[in-house]
Structures are given as structure tokens and as C-alpha cells.
Amino acid sequence: MTKKTFVFIFGIGSGIGEGLYKRFQKETDPNHFVFGFSRKGRKDLTSFSLDSPGTYQLDAKEDLSIPTFTEKLHLGLETETKEKGSFSLLVYFALGDGVFGPLTELSDVDLQSHLDLNVVSLIKLSRSFAKVLPIFENSTFVFLGSTAGKLGFPESVAYCASKHAVLGICRALREEWKPLGTKVIHVSLGAVATEIWDTRPAFDKKDMVSVADISEYLWCISRLPKSIFVDDLSITPKKGIL
Ligand SMILES: NC(=O)c1ccc[n+]([C@@H]2O[C@H](COP(=O)([O-])OP(=O)(O)OC[C@H]3O[C@@H](n4cnc5c(N)ncnc54)[C@H](OP(=O)(O)O)[C@@H]3O)[C@@H](O)[C@H]2O)c1
């Protein structure tokens with residue numbers, strides 16, 4: 001029986017998620033079905049179907065997007081399981097933004113919006129998969145955390161809070177999903193040259209890891225042998241923490 005792997009990448013509009021989606025496009029494994037989601041996806045989310053890989057519009061902060069995705073995912077898997085195939089699941093959470101600056105200048109709106117995207121949406125999207133996880137023979141979730149999820153930096157209160165929360169989400173899900181054999185991998189990233197740094201000219205993108213390299217690294221996770229469970233990966237550019 002053919003073994004399908006469904007690959008879901010959230011945050012394919014730019015930066016690391018876009019690079020990772022492109023990396024998966026280079027792959028020739030015909031049993032990999034790759035789906036990308038972000039506000040810049042090409043297809044309308046209401047047309048999302050497991051038969052139709054590609055990129056879909058999903059705004060993780062908008063009320064209807066995640067429930068629509070969840071409904072379509074569950075419906076699609078119902079059909080797939082009738083075919084009694086054997087399935088694997090690989091999910092990358094590469095969506096997020098950065099809010100930087102002195103605490104005195106942090107507005108309520110920016111704070112809420114940042115936490116909604118970087119924390120609440122990750123919990124809600126994880127919940128979308130929770131119910132259907134037992135269907136999969138193997139399942140792996142990769143969360144893009146940050147050095148700011150373990151250390152404190154000035155002018156980064158909201159970002160440090162959200163990235164510490166990502167680590168907490170990973171640790172909790174790892175325990176909750178242990179009976180299912182689900183791998184939950186936290187990747188603590190140092191600086192990668194993406195748009196997230198565009199408002200911080202003091203940091204030189206030449207000192208950072210390139211999107212192509214981090215995409216290669218993250219793609220390699222899809223090649224981990226079955227019995228290897230990685231909790232926490234940590235990478236930095238050559239200079240270390242910038
Ligand atoms: N770059 C770094 O140095 C670094 C270091 C540590 C951790 N990280 C983490 O890596 C992740 C990706 O960051 P990046 O550097 O690649 O930044 P980026 O280029 O700004 O990418 C952000 C991604 O999030 C998506 N996104 C933003 N708002 C969204 C929404 N409302 N709904 C759905 N998707 C949304 C964007 O796509 P659309 O605009 O199309 O929606 C884009 O794909 C973030 O969680 C970031 O914290 C990055």
C-alpha cells in the first residue's frame with residue numbers, strides 16, 4: 001500500500017517558510033503531498049483539499065480561517081482513511097512576526113496582534129490536528145522558536161514572551177502526544193536573513209544564516225529515521241548570538 005506523507009507548512013508568504021516550501025518543491029518523492037498556507041497563498045482556503053497540493057490563503061489572526069482549515073482537513077482525512085492507506089504527517093509552523101522597541105512604545109494593539117499570531121494561532125492550529133493525529137502512522141511537528149525563547153534581549157519583551165511561549169507549547173504537546181508517538185521538535189533559531197529584521201538596521205543581514213541554508217536544515221528533519229526523537233535543535237550564524 002502506498003504511504004502518503006502530507007506536509008503542511010504554515011507561513012509560506014516570505015522568509016523561512018517560503019524558503020522551506022521551495023525546498024520541498026525541489027523534492028522528487030511522489031508520495032509527498034506539500035501544502036503551504038499564509039495570507040499570500042494562491043488558492044482560496046475554501047477550496048482546500050488533500051487531493052490538491054499547493055498554497056492556500058490562510059490568515060491565522062482572522063476568525064474564520066483556522067476553523068475552515070480544520071473542517072476541510074477533517075473531511076479530507078475521512079475520505080483518505082476510507083481508502084485505508086498508511087499516512088504520515090509533517091507540520092512546520094513558520095508563521096510569526098516580530099515586535100521590537102522600548103516597552104514604553106509598545107501599544108496594546110501591537111502586543112495583542114503579536115501574541116495572537118505567535119502564540120494563539122500556534123495553539124489553535126495544533127488543536128486542528130489533535131483530533132486526527134491517531135490516523136497517522138507517523139507524525140512530526142516542527143515549531144520555529146528562537147534564541148529569544150531561552151534568553152532575554154532588550155527592546156524585545158513581547159517577542160521574548162512569545163518565543164518562550166513557543167518552547168512551552170512544544171514541551172506540553174510533546175507530553176500530551178507522547179502516547180501517539182508524535183515527534184514535537186522545537187528549533188531554536190539564531191538570526192536568519194529575512195524581512196523580520198527589516199525594521200532593525202543595526203543588525204547586518206550579511207552576519208546571518210541565509211534562508212536557503214536554514215531551509216535545507218529544516219527540510220532535513222523530514223529525513224530523520226523513525227526511531228529518532230529530537231526535542232530541541234539550536235542553530236546560530238557564525239558569529240553566534242548577534
Ligand atoms: N529570521 C530570524 O532571524 C528568526 C529567528 C528566530 C525565529 N524566527 C521565527 O521564524 C518564523 C518565521 O520568521 P521569518 O524570519 O521567516 O519572518 P518573515 O519573513 O516575516 O515571515 C513571516 C511569515 O509569517 C506569515 N504570516 C504573517 N502574518 C500571518 C498571518 N496573519 N496569517 C498567516 N501567516 C502569516 C507570513 O506570510 P504572509 O505575509 O503571506 O501571511 C510569512 O510567511 C517566525 O516565527 C520567527 O519568529 C525567525
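Gly98 is partly exposed in this predicted model. Its relative accessible area is 30%, and that counts as partly exposed because the value falls between the 20% limit for buried and the 50% limit for exposed. You'll find Gly98 in the loop between strand E4 and helix H3 (108–130). What does Gly98 touch, once its neighbours within four places in sequence are left aside? Gly98 is in contact with His114, Tyr159 and Ile196. Now look for Gly152: it sits 54 residues from Gly98 along the chain, and the C-alpha atoms of the two are separated by 14 Å.

Another loop residue to look up is Glu155, in the loop between E5 and helix H4. Most residues other than glycine have a negative phi. Glu155, though, has a positive phi of about 60° and is not a glycine. Is Glu155 buried, exposed or partly exposed? With a relative accessibility of 45%, Glu155 is partly exposed, because that value is also between the 20% and 50% limits.

Next, the sheet. It's an open one with seven strands, and reading across you get E3-E2-E1-E4-E5-E6-E7, with parallel pairing. Why is one side of E3 and of E7 left without a neighbour in the sheet? Strand E3 (54–57) and strand E7 (232–235) are at the edges and each has a single partner strand, so one side of each stays unpaired. On average, neighbouring strands of this sheet are turned by 15° against each other, if you ignore direction. In general, strands of a sheet pair through backbone hydrogen bonds, either parallel or antiparallel.

Here are three of the pairings, each with one example of residues that stand opposite each other:

| Strand pair | Sense | Bridges | Example of partners |
|---|---|---|---|
| E1 and E4 | parallel | eight | Lys4 and Phe87 |
| E1 and E2 | parallel | six | Ile9 and Gly36 |
| E6 and E7 | parallel | four | Leu189 and Ile235 |

Two of these strands are worth a look for how covered they are. E1 is mostly covered, with seven of its eight residues buried. E7 has two faces: Leu233 and Ile235 make up the covered one, while Asp232 and Ser234 are on the uncovered one.

Helices go along with the sheet too. Helix H1 (residues 15–26) lies across E1, E2 (32–38), E3, E4, E5 and E6, and H1 runs at about 160° to E2. Helix H4 (residues 157–176) packs on the sheet as well, where H4 touches E5, E6 and E7. The direction of H4 makes about 160° with that of E5.

Finally, there's a pocket to explore. Rolling a probe the size of a water molecule over the atoms shows where empty space is left. The second largest pocket holds about 410 Å³ of space. Which residues lie nearest the centre of this pocket? They are Ser88, Asn138, Thr140, Ser222 and Leu224, out of a lining of 21 residues. Strand E1 (3–10), strand E4 (86–93) and strand E5 (138–146) each give at least two residues to that lining. By type, the lining of the second largest pocket has six nonpolar, nine polar and six charged residues.

Definitions and conventions. Residues are numbered from 1 along each chain as its sequence is written. This is a predicted model: local features need pLDDT of at least 70, side-chain atom pairs count only at pLDDT 80 or more; totals for chains, interfaces and linings use all residues. Side-chain values use heavy atoms; hydrogens and water are left out. On a 1 Å grid over the protein atoms alone, a cavity is a set of points where a 1.4 Å probe fits but cannot get out, and a pocket is an open set with protein on both sides within 12 Å along at least five of seven lines; lining residues have an atom within 4 Å of a point. Grid points are joined across faces, edges and corners, and a volume is the space filled by probe spheres set on the points. Ala, Val, Leu, Ile, Met, Phe, Trp, Tyr, Cys and Pro count as nonpolar, Asp, Glu, Lys and Arg as charged, and the others, Gly among them, as polar. Two strands pair if DSSP finds at least two bridges between them. Axes are lines fitted to C-alpha atoms, for helices over the stretch in contact, and angles run from 0 to 180 degrees between N-to-C directions. Contact means heavy atoms within 4.5 Å. Buried means under 20% relative accessible area, exposed over 50%, partly exposed in between (1.4 Å probe, protein chains only).
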